[in-house]
Amino acid sequence: MLEKFFLMKDTSNKEGEDDDGKKKKDANATVNLLDIKRANNVGILLSRIKATPAAIRKAIETLDENALSLDNSKSLLKLAPTDEEKTTLKEYQGDRAKLGVAEQFFLEMLKIPRLVPRVESMIYRREFYLKLAELKEDIKMINLGALEVAKSSRLRNIMQLVLALGNIMNQGSYAADCTGFKISSMLKIKDVKSSKGQYNLLNYLCNLIEARKPSVLQLPEQMPHVKPGAKDRMGLIVADLSNLKKGMEVIEEELKNATAENDEVFLRVIGKFAEKSRIELKAFEKSVQEMTQGFEDLAAYFGEDKGVDVLSIVNEFVRDLSSAIEDNAKVRKQWYQRRVRGESICIVRC
């Protein structure tokens with residue numbers, strides 16, 4: 001009992017605890033200031049690039065494309081420090097050597113004046129000619145398709161027959177003796193059914209053409225470049241042109257800044273690129289204007305409003321025509337098989 005009340009307790013600190021019994025913080029512990037998700041993304045990027053933050057900073061400053069792939073450059077752009085992150089790092093008063101890898105990376109990035117437009121310039125330079133080649137090919141396809149449709153003698157022959165059939169079917173009505181029709185009406189031919197619904201006007205048209213001038217049914221051979229969605233593709237081309245022009249504006253602005261700051265590397269590398277790309281972009285813009293005009297001219301050639309996608313309509317009609325040809329071939333095969341078996345047959349489906 002005496003020992004219980006008067007025996008002195010051991011007040012010496014346990015290992016790793018302070019006077020209050022709480023664990024002491026490791027003096028060498030890493031200091032993390034950034035959001036954990038952002039820090040993890042930085043870590044993933046660094047492991048992919050396999051370079052130190054200082055080496056990455058140098059690659060950006062020297063515009064070294066060999067050190068940074070296009071994908072890594074785009075990732076760097078996404079991981080550029082935000083204003084809030086910049087403030088957090090600048091206000092940190094502790095030992096910077098104890099900061100985490102992500103924080104060290106951001107500190108290196110903060111040393112680069114106008115980091116974002118500089119990386120954007122690197123990306124733009126690497127993508128420009130690849131994108132331009134892709135868009136030129138799209139324009140070529142649209143222009144060739146428009147030329148093939150305008151010059152197709154087989155398409156004209158089919159349209160003449162369609163007009164003649166329409167006038168015959170509409171005898172005695174207000175729609176008789178028409179001199180023309182909307183090209184979109186070509187897509188409705190297959191919807192005109194026989195009395196029993198087993199035969200349509202497009203099947204009849206194909207049989208009529210095959211009996212009179214079978215070469216006309218080879219219409220698809222005259223238009224290999226006519227593809228669907230021409231109007232949508234044109235819209236994408238115009239949008240891509242706008243993006244290229246905006247990118248060039250960033251380049252021009254950065255060249256002004258580089259001149260003011262005597263950034264010889266940027267002026268030499270990007271300046272040389274800009275001299276040539278300006279000319280290329282201007283020529284491409286003219287090509288887009290010519291494509292758009294050609295598209296509108298094609299619509300006018302067929303008596304349509306300028307916004308009508310003639311190429312897509314013709315493409316769909318060609319698919320309908322091919323289906324009707326296949327359908328007729330199947331019927332003839334069935335007819336022949338029934339004839340061989342001696343069954344009663346009906347030459348024309350009702």
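**Figure 1. Lys50 in the loop between H2 and H3****.** In this predicted model, Lys50 is exposed, with a relative accessible area of 69%. The residue sits in the loop that joins H2 to H3. Its phi is positive, about 60°, although Lys50 is not a glycine. Most residues other than glycine have a negative phi.

**Figure 2. Arg114 in the loop between H6 and H7****.** Arg114 is another residue with a positive phi that is not a glycine, here about 50°. The loop that holds Arg114 runs between H6 and H7. With a relative accessibility of 29%, Arg114 counts as partly exposed, since the partly exposed class lies between 20% and 50%.

**Figure 3. Helix H6 and the helices that cover it****.** H6 spans residues 101-109, and 7 of its 9 residues are buried, so the helix is largely enclosed by the rest of the structure. The buried residues are Ala102, Glu103, Phe105, Phe106, Leu107, Glu108 and Met109. Glu103 and Glu108 are thus listed as buried along with Phe105 and Phe106. The cover over the buried residues of H6 includes helix H2 (36-49), helix H3 (53-61), helix H4 (70-78), helix H5 (83-91) and H7.

**Figure 4. The crossing of H2 and H4****.** The two helix axes come within 11 Å and cross at roughly 160°. H2 and H4 are therefore roughly antiparallel to each other, as angles over 145 degrees count as such. The crossing of H2 past H4 is left-handed. On the H2 side, Arg38, Leu45, Arg48 and Ile49 make the contact. On the H4 side, the contact is made by Asp71, Asn72, Ser75, Leu76 and Lys78. Sorted by class, the contact of H2 with H4 has 3 nonpolar, 2 polar and 4 charged residues.

**Figure 5. The aromatic pair Tyr124 and Phe273****.** The count of aromatic pairs comes to 7. In the pair of Tyr124 and Phe273, the ring centres are 6.0 Å apart and the planes stand at 75°, so the pair is edge-to-face. The pair links distant parts of the chain, 149 residues apart: Tyr124 belongs to helix H7 (residues 115-151) and Phe273 to helix H11 (residues 264-301). Tyr124 and Phe273 are both buried. One aromatic cluster is formed by Tyr124, Phe128, Tyr129 and Phe273.

**Figure 6. The aromatic pair Tyr301 and Phe302****.** Tyr301 and Phe302 form an edge-to-face pair, with 5.1 Å from centre to centre and 90° between the planes. Tyr301 is partly exposed, at a relative accessible area of 48%. Phe302, in contrast, counts as buried at 16% relative accessibility, because the cut-off for buried is under 20%.

**Figure 7. The chain as a whole, for orientation.** The secondary structure comes to 12 helices and 0 strands. From the N terminus on, the order of elements is α-α-α-α-α-α-α-α-α-α-α-α. Of the 350 residues in the chain, 35% are buried. Among contacts in the chain with a separation of 6 or more, 76% are between residues 24 or more positions apart.

How values were computed
Residues are numbered from 1 along each chain as its sequence is written. This is a predicted model: local features need pLDDT of at least 70, side-chain atom pairs count only at pLDDT 80 or more; totals for chains, interfaces and linings use all residues. Side-chain values use heavy atoms; hydrogens and water are left out. Rings of Phe, Tyr and Trp (its six-membered ring) pair if their centres lie within 6.5 Å; planes under 30 degrees apart count as stacked, over 60 as edge-to-face and the rest as tilted. Helices (H or I, at least four residues) and strands (E, at least two) are DSSP runs, numbered from the N terminus. Buried means under 20% relative accessible area, exposed over 50%, partly exposed in between (1.4 Å probe, protein chains only). Contact means heavy atoms within 4.5 Å. Axes are lines fitted to C-alpha atoms, for helices over the stretch in contact, and angles run from 0 to 180 degrees between N-to-C directions. Angles under 35 degrees count as roughly parallel, over 145 as roughly antiparallel, 65 to 115 as roughly perpendicular and the rest as oblique. A crossing is left-handed if the near helix is turned anticlockwise from the far one by less than a right angle, and right-handed if clockwise. Ala, Val, Leu, Ile, Met, Phe, Trp, Tyr, Cys and Pro count as nonpolar, Asp, Glu, Lys and Arg as charged, and the others, Gly among them, as polar.
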